[in-house]
Amino acid sequence: MRIWKLLGMALICLSLLAGCGSSGEESQKKDAPAAQTAQVEMAVPKNGVPVLMYHMIGVDPDDPHNQACLTEENFRKQMKFLKDNDFHPITMEQLYEYMVHNKPVPVRPVVLTFDDGYPDTYSIVMPVMKEYGFACTVFIPTYDADHGTRLTWQQIKEMKAAGMEIASHGYHHERLNQMGGTTLDTEMQKSQAELKEQLGITNEFFCYPYGGNSPEAEKVMKKYGIKLAFTMNPGWAKYGDNPYAVKRIWIGNEVDIDNFRQRITTEKYEQR
Ligand SMILES: [Zn+2]
């Protein structure tokens, strides 16, 4: 009997020692992602990833019939649809790794993007993202922050702290494909500098105001360390596509839940 007790104690000691082999911090880092990915199946998307493009959510105070503005009810229905049907909103970094390196991402991936930095991205979108634990990206024209009709830097900081990715939508929200030389360079330089100053980030993602890109704008993107730049050209984002002209799927208020389902399951969706 005694020998078994001793052997048992020796085994316990050995296993404790093995556990101490890595520091607590290290094993936490290893455990956290493993626990998450264990539940989510990963795969390289065969047909690409739909990058959904949202603007204002709620009611447009200037134009109640603005089709680019999605009602809160429709927005909530769409997010619930994603959750109920096991879609996985992925991060910009995951999209980049797939588009450029063909890396696997969670199955049934979508990317959620919100343009322009409207106050409802803070008041309506943020609570929903928190509720569902969804990743998303907000493209802000940095000059507009703290200028009245758009988000404040304080709100943007709170959104970042809540896990929403903040990225650039230019400085003045002007068409980059109609700029050149120092004007174009300054536009980008100021936007990057302000994101660094306000949020402490080295921004890597960009959305062209009004969607328009140009070879010169793409060069400036590369100069300022941008890894993916988004247009408003329709289609899914695929491995091997130009990372400086990423396509997106329009979501406006004319998109009902059946049309939404089409937009996230096929590129051949019914136009509205
Ligand atoms: Zn815009």
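A residue counts as buried here if 20 or more other C-beta atoms lie within 10 Å of its own. Keep that cut-off in mind for the tour. The model is predicted.

**Whole chain**

Start with the full cartoon. The protein has 9 helices and 10 strands. Of its 272 residues, 34% count as buried. Look at contacts with a separation of 6 or more: 63% of them join residues 24 or more positions apart.

**Stop 1: strand β5**

Select residues 109-115, strand β5. Of its 7 residues, 7 are buried. Show the side chains. In a regular strand, side chains alternate between the two faces of the sheet. On one side of β5 sit Pro-109, Val-111, Thr-113 and Asp-115; on the other sit Val-110, Leu-112 and Phe-114. Both faces are covered, and every one of these residues is buried.

**Stop 2: the partners of β5**

Which strands pair with β5? Add residues 51-54, strand β2, which runs parallel to β5 and is joined to it by 4 bridges. Find Val-51: its bridge partner in β5 is Val-111.

Next add residues 88-89, strand β3. This strand also pairs with β5 in the parallel sense, over 2 bridges. Pick His-88 and look across to Pro-109, its bridge partner in β5.

Now add β6. The pairing of β5 with β6 is parallel too, over 3 bridges. Center on Phe-114, which stands opposite Val-138 in β6.

**Stop 3: strand β6**

Stay with β6 and select residues 137-140. Are its faces covered or open? Both are covered. Thr-137 and Phe-139 lie on one side, Val-138 and Ile-140 on the other, and all four are buried.

**Stop 4: two positive phi angles**

Most residues other than glycine have a negative phi. Two loop residues are worth a look on that count.

Follow the chain out of β6 to Asp-146, in the loop that leads to α6 (153-161). Its phi is near 65°, a positive value in a residue other than glycine. Asp-146 has 14 C-beta neighbours inside 10 Å, so it counts as partly exposed.

Move on to His-173, in the loop between β7 (165-168) and α7 (181-199). His-173 is not a glycine either, yet its phi is positive, at about 55°. How many other C-beta atoms lie within 10 Å of His-173? There are 19, so His-173 is partly exposed.

**Stop 5: Ile-201**

Go past α7 to Ile-201, in the loop before β8 (205-207). With 15 C-beta neighbours inside 10 Å, Ile-201 is partly exposed. Leaving aside neighbours within four places in sequence, Ile-201 is in contact with Leu-195 and Lys-196. Then draw a distance from its C-alpha atom to that of Ala-167: the two are separated by 9.2 Å, and lie 34 residues apart along the chain.

**Stop 6: helices α3 and α9**

Finish with a helix pair. Select residues 72-84 for α3 and 257-265 for α9. Their axes are 10 Å apart, and the helices pack at an angle of about 50°. The two are therefore oblique to each other. Turn the view until α3 passes α9: the crossing is right-handed.

Which residues meet here? From α3 come Lys-77, Gln-78 and Phe-81; from α9 come Ile-257, Phe-260 and Arg-261. Color the contact by class: 3 residues are nonpolar, 1 is polar and 2 are charged.

Note on methods. Residues numbered from 1 in each chain as written. Predicted model: local features only at pLDDT ≥ 70, side-chain atom pairs only at ≥ 80, totals over all residues. Axes fitted to C-alpha atoms, helices over the stretch in contact; angles between N-to-C directions. Parallel < 35°, antiparallel > 145°, perpendicular 65-115°, else oblique. Left-handed = near helix turned anticlockwise from the far one by under 90°. Contact = placed C-beta atoms within 7 Å. Nonpolar A, V, L, I, M, F, W, Y, C, P; charged D, E, K, R; others polar. Buried ≥ 20, exposed ≤ 12 C-beta atoms within 10 Å, placed from the backbone. Pairing = 2+ DSSP bridges.
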